[in-house]
Amino acid sequence: MRKIPVYTHPAAGWPALFSSTRKLMDYKTFLRGSMSVLKSNQPQGGFDCPGCAWPDHNSHKTLDVCENGIKVIASETMTTKADAAFFAKHTVTELQQWSGYELEHIGRLSEPVYYDATQDRYVAISWEAAYERIAAQLKQLHSPDEALFYTSGRVTNEPAFMYQLFVRCFGTNNLPDCSNMCHEPTSVMLSKQLGVGKATVKLEDFGQAKLILMFGQNPATNHPRMLEMLAHSHEKGARIISINPMREQGLSKFRNPQKPIHMAAGSSDTMVDEVVQVQIGGDAALLTGLAKWLVKNDKINSDFITTHTSGFEPLKQWLTEQSWVDIERGCGITQAEIINLAQLVADSPATICTWGMGITQHVQGDDNVAMITNLLLLMGMIGIDGAGASPVRGHSNVQGDRTMGIHERPAQKLLDSLERVFKHPMPQAHGYDVVTGAKALIAGKFKVFMAMGGNYAVAAPDTKAIQQALTTTQMNIFVGTKLNETMLYPSANNLILPCLGRTERIITAKGEQFATIEDSMCQIVRTQGNLKPVSETLKSEAQIVADLATHVFEDHSNIPWQMMSEDFDVIRDYIAQAISGFENFNQRIREIERGFHLYHPARHRVWNTSDGKAQFEVPQYPITYVAAQMAEATSSFQDDTDITTSSSVTQANEQKIWQLTSVRSHDQFNTMIFGYQDRYRHTDRRDVLFMHPDEMNRLGWQKGDKVMITRHLSKDSTDQARILGPLILTEMDIAANAVATYYPECNDLFDLDTHAPDSHIPAYKSTTVVLQRVNADTEMADPA
Ligand SMILES: Nc1nc2c(c(=O)[nH]1)N[C@H]1C(S)=C(S)[C@@H](COP(=O)(O)OP(=O)(O)OC[C@H]3O[C@@H](n4cnc5c(=O)[nH]c(N)nc54)[C@H](O)[C@@H]3O)O[C@H]1N2
Ligand SMILES: Nc1nc2c(c(=O)[nH]1)N[C@H]1C(S)=C(S)[C@@H](COP(=O)(O)OP(=O)(O)OC[C@H]3O[C@@H](n4cnc5c(=O)[nH]c(N)nc54)[C@H](O)[C@@H]3O)O[C@H]1N2
Ligand SMILES: [Mo]
C-alpha cells in the first residue's frame, strides 16, 4: 500500500492565521483587514465575522476569529475596485473568460453600473436612474410572479426583513435563497420531526457532551472556530467521531489561538478519536445499522419514546426489515464496526450529532437528517444538557434570513402576521426555490431576476444553462460586493448595485446603525462595521431596498420604508411585532452583551409538530440507493459502446463507475476563490481529483495522471452526458469507490433534476460518474 501524505502540523495557530492570509492579499488590504479582525465577533461595537455561522464563544475576551474568517474579511476590505474605470477596460465577453480567482481579486464593486450592449461593457449609472429603470420594468410585468428574487446568507436580519417585505408587497413569494442548496433538508426534516428547523443545542452543551458524532463536516476549513470547542469537549472527556468518506487531516491536531501556551510552545490538542470512512451517500444506511442494533438490544430510552414521540412502531418495523447485508452494502462499513459504534451510543449519557453538507446534499439528504433525528430520539437525546441536534450552518446569517421570512414556502403564521402588522395583503401561493426557480428561468418564465448577494448561477447545478437563461430575461439586478460570473451573463437590461459590507460603517441621517444576525445555535447578536466604506457611493442593503420600494410603490404601500432604512430600530420594532421570539427586540439586543437566544421549544421538550409529539420518520429511499445507482450504471456502461470508443480513452479497463462528491478547499468561501492552496489536503491547485492510492494502484494509475469525468444522465434526458476535465489525480485517504473534486468548478456535472424529494436540495455530494484516464500525448477532449 502506498503512503498517503499526511498533514502533520496542527490546524490553526499563528502561522495558519497570518501566513496564508498575507500571501493572498496586498499588504495594505491585509493591514486594513487585520485591524478590523481585532473587533470582529467581540461583544458590542464589533462586527460579526462575515464568514461562517459558528457561534461566538462566550469566554473570549480577545481575538475570536480564525484564519478563514480573516480571509473573508480581507476579501471584503480590499481597497482595489471594480469601478466604471475598470469596466471601461474590459468587455463582458472578455470578463466571462476570467476565473473565479481573478474576478475575486479585482476588488470591490464600488459604483452602480448597467450593461451597455452596444459596447458590450458595464458603464456607470446614477442610483436614481437605476431605480427608475427597475421601477419601470417591475411595474410593467403582467404578474409579480414573473420575477424571481434570490438571497444569499450574508445579508443581516434588518435588510433581510425589509427585502422579504418588499418582495411580498410587490406580490410574490418567489424568494429562493442559498439555504435551498445548503441546509434545506435540515430545515424541512427538523421542522417536521421536532417542530423547529434549527439546532437544539447551545454552545454550552459541547462542554457537557460525552459523545459527539460529526457527520459530513470539515470544520478545520469551514468552521475553524468549532475546532476550539471540539478540543474543549475532548479535554472534558467527550469522544469525537468523524463520519466522513475522507479522513480530513485538519481535524487531527489543533493549535488554539486562544491559548497563549499553545501559541508560544507550539503544542496542540488532539480532537477526533476515530474516523468512520462511510461510503459516499452511505449515512442513512450506517444510521439504520446503529438504530437497528440499539432497538434490537433494547438500548433505547423507552420512557422518552413513550412520553414524547410518535411513529416508533412503523420505524421499528422498518428497521427489522433492513438486512445487515444491505446495511453493509449501503454504507461500506462492516456490521462489527457498526456495532462498536452503537455500543458507544448506548453507553453515552449525552450525545450530540453535528452535521454539514456531507449529510444534506444528496438525493437522500432528507432521509439522512431524518435518521440522525431518529437516533437522537431513540436515545432521548433532545432536551437534556450536553446533547442534541447540531446542524452547522454555512453563511454567517443564513439562519437569520430564514427567520426574517426569506422563504419561498412561508408559514401561514408569517403571512398572517405580516398582514396584521403592515395592513397590506400578502401573496398566499408558494413561490419558486433555487431548483424549481432555475428550471422556470431556463424555461423562459421569468422576465426579471434579482439577487440580494450570492452567485446564483455558479452555486446552482447546470451553471451554463442558467447563465444562458439570464441573457434572455428583460432585466437582471444584482446587489453585491464582488463581481462574479452570474453578473457576467447580462440580459437587455442588467444592473449591478454595489452595497456596503459587514465590516463597513452604516451612517444615516439618524446616525450610526448596527444590525443583527442569528448564528447556527439561534443566538441573536449585534454586528456593527467599523471601517470607512471602500467607496462613498455605496449604499446599505436596507437603503437599496427602501429606495426600490419608494420607486416601485406609488403609495409607498403605507410602510415607512425610508424611516426604516435610516433607523434600524424602526425595522427592529416591526420585527418585534411580526416575528415571534423577537419581543422587545431593541431593548434585549442592547441589554445583554452577547445577544439573546431565541426560544427553542424542542429544547424544552415542547413539540410544535402536527401531532404535538416528536416524530420518528421512516426513510423514503432504500438504504442501498447509491449502491444500486452504481450497479445500474455499471451494467448500462458495459453495454454502452459509445464510451469505450471515445477518442481520449486508452484502455477499457481504466474505466470504472465511481461516486463523486464535491467539497470546499481551504482557500475559498463558496464561489469566492481566494487562492489555490488547500494546505490540509496537500495541493496547490484546484483542478484535482482526489482518489485513494490503493484504487490508483489497482487501476495502474499514478498520481499526477490526467482524468476526465463523465456523468451520464438518465436515458430519457435530452442531454445525455456531462464531461469535466482533465483533472489531476491526487492522493487522498478517501473511501473505496469514492472520488472528490472542488466546488464550484464541477457544478455543470450536476443537473437540476437530481435532488431530494421534499427539500429539493441538489445532490452535490453524490453523483455517479465514469472516469477515463487520458494519455498525456492525446489531444484533450474539450470539457463540455
Ligand atoms: N472557509 C470557508 N468556510 C465556509 C465556507 C467556505 O466555502 N469556505 N462555506 C460556508 C458554507 S455556505 C457552508 S454550507 C459550510 C460548509 O461546511 P461543510 O459542511 O464542512 O462543507 P463541505 O466542504 O462542502 O463538505 C463537508 C464534508 O462532507 C464530506 N462528505 C462528502 N460526501 C459525504 C457523504 O456522503 N457522507 C458524509 N458523512 N460526508 C460526506 C466531505 O468529505 C467533507 O469533509 O461552510 C461554511 N464555511
Ligand atoms: N457542487 C456544489 N455546489 C454547491 C455547494 C457544494 O457543496 N457543492 N454548496 C452550496 C451551498 S452550501 C451554498 S450556501 C451555495 C452558496 O451560494 P451563494 O450564497 O449564492 O454564493 P456565494 O459564493 O456565497 O456568494 C458570493 C457573492 O456574494 C456577494 N456578497 C458577498 N458579501 C455580500 C454582502 O455582504 N451583501 C451582498 N448583498 N452581497 C454580498 C458577492 O458579490 C459575492 O460574489 O452554494 C451551493 N453550491
Ligand atoms: Mo451553505
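**Ligand 2 and helix α9 in a predicted model**

Modeller: In this predicted model, a polar side-chain atom of N747 lies 2.6 Å from a nitrogen atom of ligand 2.

Biologist: What makes this pair of N747 and ligand 2 a polar contact?

Modeller: A polar contact is a pair of N or O atoms within 3.5 Å. The N747 pair, at 2.6 Å, therefore qualifies. An oxygen atom of ligand 2 also lies 2.7 Å from a side-chain N or O atom of S152, and a nitrogen atom of ligand 2 is 3.0 Å from one in the side chain of S662. Taken alone, ligand 2 exposes 930 Å², of which the protein buries 98%.

Biologist: Which residues come nearest to ligand 2, and how is the shell divided by class?

Modeller: Among 31 residues around ligand 2, the nearest are Y150, S152, E541, T671 and N747. The shell comprises 13 nonpolar, 13 polar and five charged residues. Domain 1 (81–121 + 133–182 + 397–604) and domain 3 (625–773) each supply at least three residues to this shell.

Biologist: Why is helix α9 described as largely enclosed?

Modeller: Buried means under 20% relative accessible area. Eight of the 11 residues of α9 (residues 184–194) are buried, so the helix is largely enclosed by the rest of the structure. The buried residues are E184, P185, T186, S187, M189, L190, Q193 and L194.

Biologist: What do the buried residues of α9 pack against?

Modeller: They pack against several elements, including β13 (351–355), α20 (365–378) and α21 (398–403). Just after α9, G195 adopts a positive phi of about 100°.

Conventions. Residues numbered from 1 in each chain as written. Chains lettered and ligands numbered in written order. Predicted model: local features only at pLDDT ≥ 70, side-chain atom pairs only at ≥ 80, totals over all residues. Heavy atoms only, no water. Near = heavy atom within 4 Å. Polar contact = N/O pair within 3.5 Å; in protein donor to acceptor, adjacent residues only side chain to side chain. Areas by Shrake-Rupley, 256 points an atom, 1.4 Å probe, with all protein chains shown as cover. Nonpolar A, V, L, I, M, F, W, Y, C, P; charged D, E, K, R; others polar. Domains from an automatic or database assignment. Buried < 20%, exposed > 50% of the residue type's maximum accessible area, 1.4 Å probe, protein only. Helix = DSSP H or I, 4+ residues; strand = E, 2+ residues; numbered from the N terminus. Contact = heavy atoms within 4.5 Å.
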